[in-house]
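User: I am new to reading protein structures, and I would like to understand how the labels people use are justified. Could we go through one case together, step by step?

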Amino acid sequence: MEALSFRSLLQLPSTLRTPSYVEKEQPKNTVAKNLHERLHSSAPKRLPRRLLLQFMGFSPILSHPVFAAPVPGMKEPEVIRTLKLPSGVRIQEIVEGQGSAANEGDLVEINYVCRRTNGYFVHSTVDQFSGESTPVILPLDEKQIIAGLKEVLVGMRIGGKRRALIPPYVGYINENLKPIPEEFGPRRSLLSHVNEPLIFEVQLLKVL
């Protein structure tokens, strides 16, 4: 099918508004109308803007209304328990894990996904397209990582999975706190959202 000019596409809908009493149209109008119908019938359905990560068995959005609205058709994981810490951090326990528990001062290896509360992706250790992961090693020391994430990780067992809402005052209060991407673009994207609550989905891989 020949490509239509932008002007032609703009004119196509007008053929649908032709009064019903006009039974015989000129051939050129019939062709335009048929082209319009074929374009609409063959156009692919719009997909969500991003196919969000599910690398840990998490659905993309937290079910608690404070976090965000769930995406239709996406199955929410079963939440074992929900915690609200004195700092304001909210945690959903998804998998308890079976290994050693992480304690303050430990080095831990984790995978994580960071999102805004509206579900928009910010940063992750898992590639959105290939699924390949690059875990990070973090010290459980709030002078080196964001305090809210330290609270989420302390007490987790190896293999455990948690999802948390981290308020900005226990988040990136300065640019040197981890986890933070090394690449300029992702770093700038993350730092542009430091004054809002962020959602972290984390999986504890190792306690070093």
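User: Which residue stands opposite V202 in β7?

Analyst: This is a predicted model, and in it R162 stands opposite V202 of β7. The strands β6 and β7 pair in the antiparallel sense over 6 bridges.

User: What makes β6 and β7 count as paired strands?

Analyst: Two strands pair if at least two bridges are found between them, and β6 and β7 have 6 bridges, so the pairing rule is met. β7 also pairs with β3 in the antiparallel sense, over 9 bridges, and there R116 stands opposite L198 in β7.

User: Why is R162 called buried?

Analyst: Buried means under 20% relative accessible area, and R162 has a value of 8%, so R162 is counted as buried.

User: How do you know that E93 and R162 form a salt bridge?

Analyst: The rule asks for a side-chain nitrogen of Lys or Arg within 4 Å of a carboxyl oxygen of Asp or Glu. For E93 and R162 the N to O distance is 3.1 Å, so the pair qualifies as a salt bridge. E93 lies in strand β2 and R162 in strand β6, so this salt bridge ties together parts that are 69 residues apart in sequence.

User: Which other residue forms a salt bridge with E93, with the closest N and O atoms 3.6 Å apart?

Analyst: That residue is R81, and because 3.6 Å is within the 4 Å cut-off, this pair too is called a salt bridge. E93 lies in strand β2 (residues 90–95) and R81 in strand β1 (residues 81–84), so the pair ties together parts that are 12 residues apart in sequence.

User: Are E93 and R81 each buried or partly exposed?

Analyst: E93 has a relative accessible area of 4%, which is under 20%, so E93 is buried. R81 has 33%, which falls between the cut-offs of 20% and 50%, so R81 counts as partly exposed.

User: What makes R115 and E201 a salt bridge, and where do the two residues lie?

Analyst: Their side chains meet at 2.7 Å, N to O, which is within 4 Å, so the pair is a salt bridge. R115 is in strand β3 and E201 in strand β7, 86 residues apart. R115 has 1% relative accessibility and therefore counts as buried, and E201, at 1%, counts as buried as well. Salt bridges that share partners also join R81, E93, E96 and R162 into one network.

User: Why is the aromatic pair of Y112 and F200 called tilted?

Analyst: The ring centres are 5.7 Å apart, within the limit of 6.5 Å, so the rings count as a pair. The planes stand at 40 degrees, which is neither under 30 nor over 60, and therefore the pair is tilted. Y112 lies in strand β3 and F200 in strand β7, so the pair ties together parts that are 88 residues apart in sequence. Y112 and F200 are both buried.

User: How do you know that β7 is mostly covered?

Analyst: Of the 10 residues of β7, 7 are buried. F200 and V202 are also, together with L149, the residues that touch the most other members of the largest nonpolar core, which has 29 residues.

User: What makes L208, in the segment after β7, an exposed residue?

Analyst: L208 has 52% relative accessibility, which is over 50%, so L208 counts as exposed. L208 forms a nonpolar surface patch with L107 and I137, with about 270 Å² of accessible area together.

Notes: Residues numbered from 1 in each chain as written. Predicted model: local features only at pLDDT ≥ 70, side-chain atom pairs only at ≥ 80, totals over all residues. Heavy atoms only, no water. Core = buried A, V, L, I, M, F, W, Y, C linked by side-chain atoms within 4.5 Å. Buried < 20%, exposed > 50% of the residue type's maximum accessible area, 1.4 Å probe, protein only. Phe/Tyr/Trp six-rings, centres within 6.5 Å; stacked < 30°, edge-to-face > 60°. Helix = DSSP H or I, 4+ residues; strand = E, 2+ residues; numbered from the N terminus. Patch = residues over 30% accessible without salt bridge, like charges linked within 9 Å, V, L, I, M, F, W, Y side chains within 5 Å. Areas by Shrake-Rupley, 256 points an atom, 1.4 Å probe, with all protein chains shown as cover.
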